[in-house]
Amino acid sequence: MKPYYHVSSKALEKNDIFLTREDFVTAMNDIALCSLRYDVKILCFCLMCNHFHFVLRGSYKECYAFMNEFKRICAIRMRDRTGEVSGLKDVDLHFDLLDTQEYLENAIAYVLRNPLAARIIMMPYFYEWSSISAYFRGCSQLHGLPLNTLSVRKRREVLRTRHDVVPDHFMLSPQGFIHPACYIAVDEVEKIFRHPSRLMMLLAKKVENEFEVSSGAAQQIKMTEAELKTQVLELVRNEFGVNSLTQLSADDRLRLCLLMRRNFNSSVKQIARILRLSQSVVASVL
């Protein structure tokens, strides 16, 4: 099974990525269209004024490509709006490997709770610019306009793109964006939480401190390189079911970079030396 990642962008300090309602609507549609181009499952997302969060399932390579494409499109929208050419050039994307059930659940709740934590709203379900409306809908039907009933010209106008082909099930909500339930991995999220009460319980719980500690939580114990190599080999056996680094695929080595940083607080230089990767590749993953 492909791994899960929490991906977040560094928050802009001076500018906003999404300034107006139109900016948010356009970004919601951009996510839907990006989801068609990559072999990535989107479990949840949340768009804030100056940053964004996603929980994805897929290979690191595909998740990285998807996130960079969305970031690139956001930069183009900012340039069109403000004339700012380098608005997102220095904004890093942080990837956090979600390798336990509890960590995955907390990550999804953390993403969906962002507007509440920022005191924008009283309840996450009232926030439009996330995927929260997609889950546990029961027998209710999606209401809206099938995108493929629009003329090509009108569809391009609504989506602000020349991308002509959209699936028949893509439904335009009354708010003007493709409903997240059309492209989010709804069944997978519902299977993870098993019951709406479990999701609601975590949404009501203040998970920020717990999740933020876990996501940056590398052990502060310093090990010698020999000790670290021994621990890494044990990690490789437990996580990947092989006995040596040479048996790992390129994507698994990138995933191992994240595990080493999280589990052992390994430096970029240490990881590069032990995995025999360039420091620039390791730094791009971390």
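The sulfur of Cys46 lies 8.6 Å from the closest cysteine sulfur, that of Cys44, which is too far for a bond. Cys46 is itself buried, at 0% relative accessibility, where buried denotes under 20% relative accessible area, exposed over 50%, and partly exposed the range in between (1.4 Å probe, protein chains only). Cys74 likewise takes part in no disulfide, the nearest cysteine sulfur, in Cys34, being 8.3 Å away, and Cys74 is buried with a relative accessible area of 3%. A search of the whole structure returns zero disulfides, a disulfide being a pair of cysteine sulfur atoms within 2.5 Å.

The structure is a predicted model, in which local features need pLDDT of at least 70 and side-chain atom pairs count only at pLDDT 80 or more, while totals for chains, interfaces and linings use all residues. Residues are numbered from 1 along each chain as its sequence is written, and side-chain values use heavy atoms, with hydrogens and water left out.

Salt bridges were assigned where a side-chain nitrogen of Lys or Arg lies within 4 Å of a carboxyl oxygen of Asp or Glu, and by this rule the count comes to twelve. One of them joins the side chains of Arg21 and Glu128, at 2.7 Å from N to O. This pair links distant parts of the chain, since Arg21 belongs to helix α1 (residues 21-34) and Glu128 to the loop between α4 (114-117) and β5 (145-146), 107 residues apart; helices (H or I, at least four residues) and strands (E, at least two) are DSSP runs numbered from the N terminus. Both ends of this salt bridge are partly exposed, Arg21 with a relative accessible area of 44% and Glu128 with one of 29%.

A further salt bridge is formed between the side chains of Glu188 and Arg57, at 2.6 Å from N to O. Here too distant parts of the chain are linked, with Glu188 in helix α6 (residues 186-193) and Arg57 in strand β3 (residues 52-57), 131 residues apart, and both residues of the pair are buried. The side chains of Glu105 and Arg194 also meet in a salt bridge, at 3.9 Å from N to O. Because Glu105 lies in helix α3 (residues 101-112) and Arg194 in the loop between α6 and α7 (196-204), this pair ties together parts that are 89 residues apart in sequence. Glu105 is buried, at 2% relative accessibility, whereas Arg194 is exposed, at 58%. In addition, salt bridges that share partners join Arg37, Glu69 and Arg72 into one network.

Asp251, found in helix α10 (residues 250-264), is buried yet has no salt bridge, the nearest side chain of opposite charge being that of Arg255, 7.4 Å away; for this purpose Lys and Arg count as positive and Asp and Glu as negative, and His and the chain ends are not counted. The side chain of Asp251 does, however, reach the backbone nitrogen of Lys61 at 3.1 Å.

On the surface, Met123, Tyr125, Phe126 and Met200 make a nonpolar patch of about 440 Å². Patches of this kind are made of residues with over 30% relative accessible area and no salt bridge, nonpolar side chains (Val, Leu, Ile, Met, Phe, Trp, Tyr) being joined within 5 Å and like charges within 9 Å. Accessible areas come from the Shrake-Rupley method with a 1.4 Å probe, and for residues only the protein chains shown count as cover. Within the patch, Tyr125 is found in the loop between α4 and β5 and is partly exposed, at 36% relative accessibility.

Notes: Polar contact = N/O pair within 3.5 Å; in protein donor to acceptor, adjacent residues only side chain to side chain.
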